[in-house]
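Open the model in your viewer and follow the stops below in order, selecting each group of residues as it is named.

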Amino acid sequence: MKIKYLGHSCFQVSTAGKTLIIDPFISANEQASHIDLKSLQADYVLLSHGHQDHILDAEAICKNTGAKIISNYEIVMWYKEKGIEGHPMNPGGNWDFDFGRVKLVNAIHSSSFPDGSYAGNPVGFVISNKEATFYFSGDTALTMDMQLIPKTSQKLDFAILCLGDNFTMDYKDALIASDFIECNKIIACHYDTFGWIEVNKAEIISAFEAENKEIIFMDISEEQKF
Ligand code: NI
Ligand code: MN
């Protein structure tokens, strides 16, 4: 399984011969301005909630590639109106896709579309196949529900956690989250894209090291293999 960082909370996952893009926010992200949207491949686009900084480029990517949306019911129906196919789910539900199993898990956040309409409940994802299992938190507060993840999923190989504070968990809560999900290999997201979520990476790295955990700040366009 290959994970490529496309900035903010956006990751491209290559696994089982398929390509997934999670939470695409590229064209308005100055740090990702070198990425050509039209060059991106995708079979599926996974959306954690309706906020602009998670869905901005979903329509363009789906129209360029024919990718299907995987998200909650309301978000999938919103894109269906635009002629984009998808697979609707909701928290607690699992589905076996041709690349592996997806489970939607709880996130504590809000979720509305840029036009103000209702975008259902925000979610995180647990994605699992023979290559690896990982949790993508989406935008969320630290929540006790995270303790359910290791009880209901295969052992996580890694997790992608938001930690930029203000809108989501900060790194101290993300450290507790890593205990709850029983995973010590964490990829950071939702930090440094705009002023309210700037972080001190050195401080975060030493806080994780002090608990024998690994925190990975990927460069944009960097790839990691699991
Ligand atoms: Ni959000
Ligand atoms: Mn966000």
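In this predicted model, begin by selecting the nickel ion (ligand 1), whose four donor atoms make angles of 88 to 179° with one another, so that the site counts as irregular, given that a tetrahedral site would need all angles between 85 and 135 degrees. Display the side chains around the nickel ion (ligand 1): the coordinating atoms come from His49 (NE2), His51 (ND1), His109 (NE2) and Asp139 (OD), at 2.2 to 2.4 Å. Traced along the sequence, the donor residues of this ion follow the spacing H-x1-H-x57-H-x29-D.

Colour next by secondary structure and pick out two of these histidines. His49 sits in the loop between strand 4 (44–46) and helix 1 (52–55), while His109 belongs to the loop between strand 8 (100–106) and strand 9 (123–128), so the pair ties together parts that are 60 residues apart in sequence. With a surface shown, His49 is buried, at 0% relative accessibility, whereas His109 is partly exposed, with a relative accessible area of 24%.

Now add the manganese ion (ligand 2), which lies 3.1 Å from the nickel ion (ligand 1), and select Asp139, which coordinates both ions.

Leave the metals and move to the largest nonpolar core, a set of 53 residues in which Tyr135 and Ile181 touch the most other members. Centre on Tyr135 and show its contacts beyond four places in sequence, among them Val105, Phe125, Met146, Leu156, Phe158 and Ile181. Finish at a second, separate core, which has 23 residues, including Leu6, Ala32, Cys62 and Ile84.

Methods: Residues are numbered from 1 along each chain as its sequence is written. Chains are lettered from A and ligands numbered from 1 in the order in which they are written. This is a predicted model: local features need pLDDT of at least 70, side-chain atom pairs count only at pLDDT 80 or more; totals for chains, interfaces and linings use all residues. Side-chain values use heavy atoms; hydrogens and water are left out. Donors are N, O and S atoms within 2.8 Å of the metal (3.2 Å for Na, K and Ca); water is not among the atoms, so sites may look incomplete. Four donors count as tetrahedral if all angles lie between 85 and 135 degrees; four count as square planar and six as octahedral if opposite donors are over 155 degrees apart and all others between 65 and 115; anything else is irregular. Helices (H or I, at least four residues) and strands (E, at least two) are DSSP runs, numbered from the N terminus. Buried means under 20% relative accessible area, exposed over 50%, partly exposed in between (1.4 Å probe, protein chains only). A nonpolar core is a set of buried Ala, Val, Leu, Ile, Met, Phe, Trp, Tyr and Cys residues joined through side-chain atoms within 4.5 Å. Contact means heavy atoms within 4.5 Å.
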